Amino acid sequence: MEPCEIQFTADNLCHWAGMGDYLLTPPDRSYEITLRYQGEPPHGDSYHVVDVAGRRFPGYAWGCMFSMSNCSNFIAFSWMERKFERLTTIVDVRHSRYFVLPRYIYNPCIEWPSILDVTTPSQAPFSFIGSEVWRIF
């Protein structure tokens, strides 16, 4: 079965993807992200193996909200390093690195250098200041 294709655009930078295989394309169409369905935890969402621009991403993506930056450099999503924790990661696609946010955000919105919580707009955004320690993948 072919993966469901989702094209992110400048007008629609956030999409839900879960319970199947997906091919995500950023606004500038310069790379692809593939999500391959792996299973479901005891309560709820699916989880997926992720490839970012042809590179295997560690851990698993949760099947829920995916957000890209307008410039296509960054993607944010719910992630787990180990089953079945829920974290939010920001991937810097151009440098093959990622950063795990200190708090979980279900529906992130990237307004670089800030990450906003669309679901809880009263929460202060997380802002990158340049001293963050990124992980390479």
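I started at I110, whose bridge partner in β11 is I115. The model I am reading is a predicted one.

**Entry: the β10-β11-β12 sheet**

I looked up the two strands around that pair. Strand β10 covers residues 108-111 and strand β11 covers residues 114-117. They run antiparallel, and four bridges join them. I then checked C109. Its bridge partner in β11 is L116.

What lies between β10 and β11? Two residues do, and the strands form a hairpin. I looked at the loop there. P113 sits in the loop between β10 and β11. The peptide bond that joins W112 and P113 is cis, with omega about 15°.

Next I followed β11 to its other partner. Strand β12, residues 126-127, pairs with β11 in the antiparallel sense over two bridges. I115 turns up again here, as it stands opposite F126 in β12. I noted both partners of I115: I110 and F126.

I wrote down the sheet as a whole. It is an open sheet of three strands in the order β10-β11-β12, with antiparallel pairing. Which strands are at the edges? β10 and β12 are, because each pairs on one side only.

**Entry: S78**

I moved to S78, in strand β7, residues 74-80. Is S78 buried or exposed? S78 counts as buried because its relative accessibility is 0%, and the cut-off for buried is under 20%.

I checked the side chain for a polar partner. The side chains of S78 and Y104 are joined by a polar contact of 2.8 Å. I then listed what S78 touches, leaving out residues up to four places away in sequence. Y60, A61, W62, C64 and M65 are among them. The list also includes R86 and L87, and then Y104, I105 and Y106.

**Entry: T88**

I went on to T88, found in strand β8, residues 87-92. T88 has 0% relative accessibility, so this residue counts as buried.

What does the side chain of T88 reach? I found the backbone nitrogen of I105, at 2.7 Å. I105 is also on the contact list of T88, which leaves aside neighbours within four places in sequence. The other names on that list are F77, F99, V100, L101, R103 and Y104. I cross-checked with the earlier entry. Y104 and I105 are touched by S78 too.

**Entry: L23**

I looked up L23 in strand β3, residues 22-25. L23 counts as buried because its relative accessibility is 12%.

How far is the C-alpha atom of L23 from that of E2? I read 9.2 Å, for two residues 21 apart along the chain. I then took the contacts of L23, again without neighbours within four places in sequence. P3, C4, E5 and I6 are among them. So are E32, I33 and T34.

**Entry: a nonpolar patch**

I turned to the surface. Which residues make the nonpolar patch of about 390 Å²? They are W16, M19, Y37 and Y106. Y106 was already in my notes as a residue that S78 touches.

I checked W16 further. W16 is in strand β2, residues 14-16. With a relative accessible area of 40%, W16 is partly exposed.

**Entry: backbone oddities**

I kept a general rule at hand. Most residues other than glycine have a negative phi, and most peptide bonds are trans. I looked for exceptions.

The peptide bond from K83 to F84 is cis, with omega near -5°. F84 is in the loop between β7 and β8. I set this bond beside the cis bond that joins W112 and P113.

Then I looked at phi. A53 is not a glycine, yet has a positive phi of about 50°. A53 is placed in the loop between β5 (47-52) and β6 (55-68). The relative accessible area of A53 is 41%, so A53 is partly exposed.

S96 also has a positive phi of about 50° and is not a glycine. S96 lies in the loop between β8 and β9 (97-100). Is S96 buried or exposed? S96 is buried, because its relative accessible area is 16%.

Note on methods: Residues numbered from 1 in each chain as written. Predicted model: local features only at pLDDT ≥ 70, side-chain atom pairs only at ≥ 80, totals over all residues. Heavy atoms only, no water. Buried < 20%, exposed > 50% of the residue type's maximum accessible area, 1.4 Å probe, protein only. Polar contact = N/O pair within 3.5 Å; in protein donor to acceptor, adjacent residues only side chain to side chain. Contact = heavy atoms within 4.5 Å. Patch = residues over 30% accessible without salt bridge, like charges linked within 9 Å, V, L, I, M, F, W, Y side chains within 5 Å. Areas by Shrake-Rupley, 256 points an atom, 1.4 Å probe, with all protein chains shown as cover. Salt bridge = Lys/Arg side-chain N within 4 Å of Asp/Glu carboxyl O.
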